[in-house]
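Okay, thanks for making time, everyone. Let me put the model up, and then we'll walk through a few spots in it.

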Amino acid sequence: MQTRSQSELQQLQESVAALSALVQDLRTTMDERHDSTVAAISALQRRSSSPPPSLMVPSSPPLPSEVAPEVEPLPSPPKIHLQLFDGSNPLDWLFHADQFFAYYAVPPKLRLRRISCYMSGDALAWFQWMHNNGLLSTWQEFVSALELRFGPSSYENHRQALFKLRQSGSIVDYQREFEQLCNRVVGLSPETVLDCFLSGLLPEFQREMAIFQPRSISQAIGLAKLLESKFNDRPFLGRAIPAPSPLSRTAAPVLTAPVSAAPRSAPPVFPARPALPIKRLSPAKMQARRAKGLCFNCDEKFYSGHRCRPKQFLLLLADEDAPPASSVSLDCLDDDCSSPLASDTPPPLPVSLLSSSSPIPSHFHLSIDAVSGMQSPRTLRLTVYIQGRPVSVLVDSGSSHNILQPRIAQLLDLKVHLIVPFSVLVGNGASIGCSGVCSDVPIQLQQHAFRISFYLLPVHGADVILGVQWLRTLGPFVSDFSIPSMQFYYDGSLVVLVCVASVHAVSMLPVEDATRFPLTSLALDVSADLAALLQRYAAVFALPRGLPPPRAHDHRIHLVPNAHPVASRPYRYPHFQRKVMATLISEMLRDGLIRPSTSPYSSPVLLVRKKDGSWRFCTDYRALNAITVKDRFSIPAIDELLDELHGAAYFSKLDLRSGYHQIRMCPEDITKTAFRSVDGHYEFVVMPFGLTNAPSIFQSAMNDLFRPNLRR
């Protein structure tokens with residue numbers, strides 16, 4: 001079997017060699033014939049330029065003015081080459097080949113033997129296979145086989161495509177598509193081709209072309225290009241132009257040649273600007289793009305800092321909140337307004353709520369103290385009993401209604417009436433949804449029993465909030481917020497409510513010098529033991545000064561091999577931030593956290609506002625992090641930390657001030673932390689925020705520092 005394959009392979013190689021030799025012989029023969037033909041043509045031209053000898057009559061020598069000028073021989077015609085065919089544009093190449101062989105008067109019998117010299121790639125391999133199998137015998141068979149192999153499908157209806165062609169871009173693009181289809185269709189009259197071109201133009205162009213009445217396809221294409229240039233140059237493109245009056249429309253004469261002599265009744269209507277494409281993504285499409293990592297607005301991969309190309313016009317479509325068919329009419333905080341809970345009466349049933357047509361309540365609001373549970377001068381924190389269980393109550397004059405946490409209602413198995421959901425405005429501008437009420441909840445306040453109705457809202461801090469809705473039912477009352485306490489009469493007896501001491505009353509504020517303001521001088525309602533403990537460790541709460549000591553966990557920045565220094569362009573800052581940035585830089589220079597730098601590295605900085613209104617100094621190290629070798633130290637998971645708290649009864653929290661600045665940078669890596677600001681070029685001596693391995697280094701340092709106390 002192997003011997004047979006080798007013999008077939010040898011025969012095939014011999015056939016290829018013979019075919020190559022034949023091709024070379026054909027090419028040499030054609031060149032020789034071309035040269036002989038050119039020489040014969042030149043000889044004929046020279047012979048035809050001189051008169052025959054029989055017509056020459058001897059006479060006197062002609063005068064110089066009678067001597068005929070010498071006729072120069074015509075130059076030899078240039079050689080025409082047929083480009084190699086590799087399988088692309090087969091119809092154009094076949095037309096070129098027919099013209100080439102017709103010019104050199106090559107008969108169809110010899111064309112098939114010479115055509116292989118002008119083929120390459122897939123086309124040559126196909127021709128070799130067809131020739132070895134004896135499938136090509138005439139030139140027409142070769143043309144049909146080549147069109148079937150490399151040409152367009154015979155099932156395509158080019159005539160139908162030409163009739164349905166419509167302009168979708170510029171006139172040049174439309175002309176290119178039109179001419180390509182016209183080359184595939186044969187037998188159409190010039191009038192039909194012209195009508196197809198005009199019918200495919202935009203409606204605005206069709207109206208203008210109807211005025212000029214082009215006579216040929218070339219004239220129509222030229223007029224269309226001129227109209228496109230005129231439309232693009234007009235600054236008021238798309239502006240509506242008023243239609244002419246009936247008098248001007250009837251008085252306008254028919255357009256005749258010359259065109260300049262015909263008055264125009266009205267300016268042409270210019271095409272309107274094309275509407276911007278609006279792309280809407282369904283939730284399923286958004287999820288699919290998110291899974292593939294694609295941008296929602298373009299088809300490129302999404303990454304941090306990605307910008308769509310070309311730029312996108314983003315349109316946010318939001319449905320207006322229509323007033324619901326039913327809502328709860330809440331307290332207006334006036335005497336003449338009624339509320340379903342103002343008189344501690346049960347709220348109406350859901351059916352009656354659904355039939356109500358009152359607007360959404362606009363006076364239901366909560367203070368920020370009620371939402372966060374923080375202690376403030378206008379709130380009182382008490383302990384009451386509901387069904388024999390103690391709950392935390394916050395008496396807040398800044399909240400309009402009584403609030404109960406849903407988890408308390410579920411824990412105490414209170415009956416909840418469902419209502420139409422609505423939003424409640426909070427003091428910080430946010431809103432919380434409410435969807436239920438609890439009516440006539442019995443509350444034991446000292447020795448007195450109250451029945452109060454509540455709205456269910458998921459607030460933080462206190463379990464129950466008693467607002468103005470409950471305070472207005474007490475009548476006159478006296479509040480002393482210096483104690484703090486509250487006094488009022490209920491059922492003929494005096495009720496005195498005293499605020500419960502809370503740890504939130506102790507607020508530690510940083511001061512410039514801890515020795516100038518001892519903790520004993522603060523007006524805090526704390527015990528003597530707690531005051532002595534705070535005074536003993538006053539240095540812990542003071543602002544840090546100087547650099548931390550060198551440790552084994554000093555931060556290093558390992559770069560990938562062959563990495564070059566990064567130098568990013570600084571950001572532009574608002575004018576009011578320049579003074580803030582200069583102040584922060586001067587403070588860090590004073591504390592020794594940074595120093596002037598001459599490093600080739602440079603990263604931009606920016607200011608980010610904190611929740612308390614102060615500014616956070618941030619350095620954008622994204623370019624440096626991209627060439628940094630990532631640390632594989634594992635950060636503990638929150639679930640694992642919570643599992644370790646099993647069995648613990650007391651919990652404490654330590655919040656380090658600028659914890660990353662308690663770790664120093666290795667001396668050889670300080671230059672890599674350099675940043676540029678409006679004041680100059682600096683570098684960090686301590687570990688800055690924003691480095692990719694900073695969390696791992698900090699966690700490793702904390703683990704080693706607290707290792708004797710971990711898991712005990």
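So, what should the twelve residues of helix H4 span, at 1.5 Å a residue? The expected span is 1.5 Å times one less than the number of residues, so for residues 121-132 that gives 16 Å, and the end C-alpha atoms sit 17 Å apart, which agrees. When I say helix or strand, I mean DSSP runs numbered from the N terminus, H or I with at least four residues for helices, E with at least two for strands.

Before going on, the ground rules. This is a predicted model, so local features need pLDDT of at least 70 and side-chain atom pairs count only at pLDDT 80 or more, while totals for chains, interfaces and linings use all residues. Residues are numbered from 1 along each chain as its sequence is written, and side-chain values use heavy atoms, with hydrogens and water left out.

Back to H4. Which of its residues are buried? Those are Ala-123, Trp-126, Phe-127 and Met-130. Looking down the axis of H4, the buried residues fall within an arc of 100°, so they line one face of the helix; the arc is that of the directions from the helix axis to the C-beta atoms. Buried here is under 20% relative accessible area, exposed is over 50%, and partly exposed is in between, with a 1.4 Å probe and protein chains only. The partners for the buried residues of H4 are helix H3 (108-114) and helix H5 (139-150). And just after H4, Gly-134 has a positive phi of about 65°.

Zooming out for a second: the protein chain has 21 helices and 16 strands, and 31% of its 712 residues count as buried. Taking contacts as heavy atoms within 4.5 Å, residues 24 or more positions apart make up 63% of the chain's contacts with a separation of 6 or more.

Now a little cluster I like. Lys-79 is in the loop between helix H1 (2-49) and helix H2 (90-103), and it's partly exposed at 49% relative accessible area. Setting aside residues up to four places away in sequence, what does Lys-79 touch? It touches His-34 and Tyr-104. His-34 belongs to helix H1 and is buried, at 17%. On the same footing, leaving out residues up to four places away, His-34 touches Lys-79 and Tyr-104.

Next, Arg-289, in helix H12 (residues 283-292). Buried or exposed, at 13% relative accessibility? Arg-289 counts as buried. Beyond its neighbours within four places in sequence, Arg-289 is in contact with several residues, including Lys-279, Phe-296 and Asp-299.

A couple of backbone oddities, then. Most residues other than glycine have a negative phi. Asp-413, though not a glycine, has a positive phi of about 55°. You'll find Asp-413 in the loop between helix H15 (406-411) and strand E5 (417-426), exposed at 68% relative accessibility. Asn-562, another residue other than glycine, has a positive phi near 60°. That one lies in the loop between helix H17 (528-536) and helix H18 (575-591), and Asn-562 is exposed too, with a relative accessible area of 77%.

That's my tour, so over to you for questions.
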